[in-house]
Each structure stands twice: as structure tokens, then as C-alpha cells.
Amino acid sequence: MSGSKNKTTQSSAFEKKLNDFFIMIAGLWQFQWQFVKQIFFPPYEIEQIRKHMDELGIKTLPIVSVTGFIIGLVITMQMHPVMVRFGAEAFLPGAVGISIVRELAPVITALIFAGRVSSGIGAELGSMRVTEQIDAMEVSGVNPFKYLVSTRIFACTFILPILTVYVIFIAFLGAYIAVVLVQNMTYQYFIDSVIKSVTFGDAIPGVLKTFAFGFIVGIVGSYKGYTATNGTEGVGKAATTAVVVSSLMILIFDMVLVKVTLWLWPAV
Amino acid sequence: MNKVIEIKNISKSFGSLNVLRDISLTVDEGENMVVFGQSGTGKSVLLKCIVRLMEPDSGEIFIDNKDVLAMDLKQLNDLRKDFGFLFQGAALYDSMTVRENLEFPLIRHFDFTPEERETKVKSVLEKVSLEEAIDKMPSELSGGMKKRIGLARSIIIDPKLMFYDEPTTGLDPITSKEISLLILELQKSLKMTSIIVTHDLLCAEIIADRAIMLNDGVIMKEGSISDLKSSQDPFLRNFFSNEIIQEHNRRN
């Protein structure tokens, strides 16, 4: 009797989660269309976009710098013994360079950006929602979606590629230091090897996909915050779920985009 | 008198809960209409439906003879430029200073020079007696100060229509009286039409020209404050008297 009751409760909880999931997908789709419809029409809110790009860039710079450096360093140290085993030590800078440019820098930067920014946007907009600041803006004849949401999505979409290019260079610095530590290679040889191995065909897809990742971070954070309910508890939930959903979506989209970019810019 | 707001048969539900049921109401030009009711009876929902922060399930709303529910977003935003709305928690933009909060509607809707904006900001701050708060952040203000700044932000655009959602809730009796007198003074000097949602009897007695009592999603009584207070309806008698307290004291 109680077993069947438990099963019913579990099944209704599952139904609710599934229902929430589809509501979120529909909401994100609607947000995306609203963004596209509104961003091309005046007022353009250039000042807000500039402000958000400044804030988001500065907010994320220290953590992506440290992470980029460590990733470059660690991946080189990990790959060195493997390359030695196969007698391919000379290819180490090239292999590391390609890994960083094609995959590691874009995805790691996007995931850190999601953790730092998506939660921030979720909490900020969520707090504005529950304290009626968004309603106050709306009732004063200002379009809050355009002023608060579109500007943030736009800023995220364009600041993440810039951060990614920066992280690529910082990761190269980490990789060079590791190469010097394990292999005693000259700076000139390292640079030459990287330049010879990493082509524009490697860099373009890596950087291009970060536009999509930035858009995901912006739209998920904004959606979760803008639709927050239930007071401070709702704000916390918006911030947490924004990180989880945007990180997951970045990884899922990366899987799809890898296939697309390899088709457009083959690695061999 | 011109009818400024006309509400016809508005209903609004949340799931199975019918918050407003077939509400009809008119507010004349320059009138202060007070909406009474217990917590959760749909007073704020009614206010939000009028300014279309919420969409009613059925009914019609006319402001200055314009059908509010039939408007597209652009028309609605143009109409809203004549609205002032004081929220229960003041809803000041917490990332902006008091000055930026007050300048926000001016920058968005008017072509004032920075000097003209400054004059307007200082003039409304003087009206609410908070000139010294101009460069403070909302987090540095007390509850009463927030309400005053919220009021200043609402009146800076010289609105024709003013909506107050519980303007004195959470304030001490002295500040509450000050805010009520300020609302009355502003209404008289700016000749605004206002709807005030409250359950503060003192506030209502100071500012109301007419009042309605909402109960169970319907208007159970409409008239002057004294009409409502003198009603023999048990609910109204209970609402306006201190019978409950007297009963409690008698039992103890």
C-alpha cells in the first residue's frame, strides 16, 4: 500500500520535473525570439551594453587568467611522457597548441564564464524581479526586457570570444613554462613549432563556437533571473540553476559544434 | 466629472483561486479612490491589472476612454508615461543612486538638458524633504526614506494618474501619517487622479475621497469612508472596529 503510494509520489515528482523542463525549453525559445526581435530596433542601449561588457570582462578576467595558465602548464606536463613514449617529443608544442586552441580554451573559458556570470545575472535579475524593480521599470513605460535582458545577452555573446582569445595566449604561456621545465626547449623553437602546427583552420572554429557559448550563458542566466518567483529562495534557485543549465547546455552544444566545425574546417 | 478610469467586469484567477470576480469600478478625474480589503483579497492584483502588469482573464479597462487591454506594447508604454506607481517596497533600482533613480524616467522619456534634470531632481527631493539623500544608494536609506524616494520618482514626470500599493505598510505611525499627508498634499498640488490600495485606516481617512471594500474577489461596499465605517455588515464592522481586541480583552 505504502509502496504504491511512494511510486505515485515519485511518478508525479518526475512528471513535474519533466513539465518544468519543457516549460524552460519553451521559455528559452521565446526569450531567444524576443531578443532577436528587439536587438535590431531602437533604442539600442549602447551605453548599457558597453557597461555590461566592461563589468563581465573585468569580473571574469582574474579567474580565467589563472585557469588558462594552469591548463596550459598541466596539459603540457601530462602530454610530455606520452609523447616521449611514442618518440614524438618534437611534436609536443604543436599537439598542446592544437588542443588548447580547438577545445580546451573555448570550453574551459565558457564553463568558467558560465559559473561566474550566469549565476550573477540570475541573482541580479531575480532580485530585481522579486523586489518589483522590473515591474517598476515596466510601469514607467520602459521595456525591461530590452534594457535588462537583451543588453546582457549581447554583452555575453561578444565578450566571451574576446576572453577566449586572451585565455589561448595565457595557456600558451603556461605551456611554454612547462616545456622549459620538462624539455629545456628554447622560446624561439616553441613559438615556431606552435605557429607551424596551429593553423587558422584550428583557431576559427574554436573561437567561433564561443559566440554560441556566450549567448547560452546570457540567455539562460537572464531567463532564470527574469522569471524568478518565491522571494529570496527563488533568487538563490535562479542563480544555482542558471549555472547548472548553462554549463550543461555548453557541453551539449560543444558536442554538436565539434562535429559541425570538423566538417567545415577539417583537422587533417 | 470626467471618468478617468473605467473598469468593466474584470475577473482574474490563479489556478483554481478566483482572486477578482466581475469587478466594475470608475474613478473620476482628480479623485482619490481607496481600495480596502484583507490581505490576499486581490487589491494589488486589481492595481496591477489596471496598469497591465498582469493580464485579467476577462473584462475591459478604459483609461481616458482608451481600451488598455487592446493596446500593443508601444501604445501601452506611451500611455504608461502618464502613470506614477508607488510599490509596497518602493522598488528603487538598487544598483543606482537616488539621483540616478530619479533621473531614470526623465532620461528615458524627455529631452531635458542635464541642468534641467538636476533642477527637477532637486525640486522633487525638496517636496519629499530628502534633499540630503541625493547621492545615497537605496541600501543606505530607511524604509520611510525609501517610500519617500519612491514617491519622488513617481511624481518627477508629473503623472496624471497615480497608483499606490500599500504606501504606509511597514512604517511607524508617525512616518505613516507623514507619508499620507504628503500624498494628499501632492495630489492637491499636482491635481492627480489616484488609486490607493491600503488597509491602513488612518492613511485612508487622510487621503480618501471615496473607498471600496474588496472581499472574496468582489466589491462588497462602495462609498465614503464614513459610509463604510457606519455599515452594519458584520465583516465591515469587524474590519473597522476594534471589536476583536475588545472581545479578547473581555475573555481574559
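User: Among the elements of chain A, which has the lowest mean pLDDT and which the highest?

Analyst: The model is predicted, and a general caution applies to any such model: where pLDDT is low, the predicted coordinates should not be read in detail. Among the elements of chain A, the lowest mean pLDDT, 82, belongs to helix α1 (residues 2-39), and the highest, 94, to helix α4 (residues 133-139). For chain A overall, the average pLDDT is 89, and 97% of the residues score at least 70.

User: Which elements of chain B have the lowest and the highest mean pLDDT?

Analyst: In chain B, helix α10 (residues 243-251) has the lowest mean pLDDT of the elements, at 55, whereas strand β4 (residues 58-63) has the highest, at 94. Chain B averages a pLDDT of 88, with 95% of the residues scoring at least 70. As for the scores of the model, ipTM is 0.87 and pTM is 0.85.

User: How many helices and strands does the secondary structure of chain A contain?

Analyst: Chain A has eight helices and zero strands. Along the sequence, this gives the pattern α-α-α-α-α-α-α-α. The C-alpha atoms of chain A fill a box of roughly 65 × 60 × 35 Å along the principal axes. Of the 268 residues in chain A, 43% are buried.

User: Among contacts in chain A between residues at least 6 apart in sequence, what percentage join residues at least 24 apart?

Analyst: The figure is 89% for chain A.

User: How should the packing of helices α2 and α3 of chain A be described, and at what angle do they pack?

Analyst: In general, two packed helices are described by the angle between their axes and the distance between the axes. In chain A, helix α2 (residues 46-85) packs against helix α3 (residues 92-130) at an angle of about 145°, and the axes are 9 Å apart. The crossing of α2(A) and α3(A) is right-handed. The contact of α2(A) with α3(A) has 17 nonpolar residues, eight polar residues and two charged residues.

User: At what angle do the axes of α3(B) and α4(B) cross?

Analyst: The same two quantities are read for this pair. The axes of α3(B) and helix α4 (residues 114-127) of chain B come within 10 Å and cross at roughly 120°. An angle from 65 to 115 degrees would count as roughly perpendicular and one over 145 as roughly antiparallel; α3(B) and α4(B) are therefore oblique to each other. Their crossing is right-handed.

User: Which residues of α3(B) and α4(B) meet?

Analyst: From α3(B), B:Arg99, B:Leu102, B:Glu103 and B:Leu106 meet B:Arg117, B:Lys120, B:Val121 and B:Val124 of α4(B). By class, this contact of α3(B) with α4(B) comprises four nonpolar residues, no polar residues and four charged residues.

User: How many residues does each chain bring to the contact between chains A and B?

Analyst: The size of an interface is often given as the accessible area lost when the parts come together. Here the contact can be read from its residues: 14 come from chain B and 11 from chain A. On the side of chain B that touches chain A, α2 (73-80), β6 (83-86) and α3 (98-109) of chain B each supply at least two residues. The element giving the most to this side is α3(B), with three residues. The side of chain B that touches chain A has eight nonpolar, three polar and three charged residues.

User: Is B:Gly59 buried or partly exposed, and why?

Analyst: The reading depends on counting neighbours: a residue needs 20 or more other C-beta atoms within 10 Å to be buried, and 12 or fewer to be exposed. B:Gly59 has 17 C-beta neighbours inside 10 Å and therefore counts as partly exposed. B:Gly59 lies in strand β4 of chain B. Leaving aside residues up to four places away in sequence, B:Gly59 touches B:Lys8, B:Asn9, B:Ile10 and B:Ser11. The C-alpha atoms of B:Gly59 and B:Leu69 are separated by 8.9 Å, the two residues being 10 residues apart along the chain.

User: What is the phi of B:Asn9, and what is that of B:Asp216?

Analyst: B:Asn9 has a positive phi of about 50° although it is not a glycine. B:Asn9 is placed in strand β1 (residues 3-14) of chain B, and counts as partly exposed because it has 13 C-beta neighbours inside 10 Å. B:Asp216, also a residue other than glycine, has a positive phi near 55°. B:Asp216 is found in the loop between β9 (210-215) and β10 (218-223) of chain B. With 13 C-beta neighbours inside 10 Å, B:Asp216 counts as partly exposed.

Technical notes: Residues numbered from 1 in each chain as written. Chains lettered and ligands numbered in written order. Predicted model: local features only at pLDDT ≥ 70, side-chain atom pairs only at ≥ 80, totals over all residues. Contact = placed C-beta atoms within 7 Å. Helix = DSSP H or I, 4+ residues; strand = E, 2+ residues; numbered from the N terminus. Nonpolar A, V, L, I, M, F, W, Y, C, P; charged D, E, K, R; others polar. Axes fitted to C-alpha atoms, helices over the stretch in contact; angles between N-to-C directions. Parallel < 35°, antiparallel > 145°, perpendicular 65-115°, else oblique. Left-handed = near helix turned anticlockwise from the far one by under 90°. pLDDT = per-residue confidence, 0-100.
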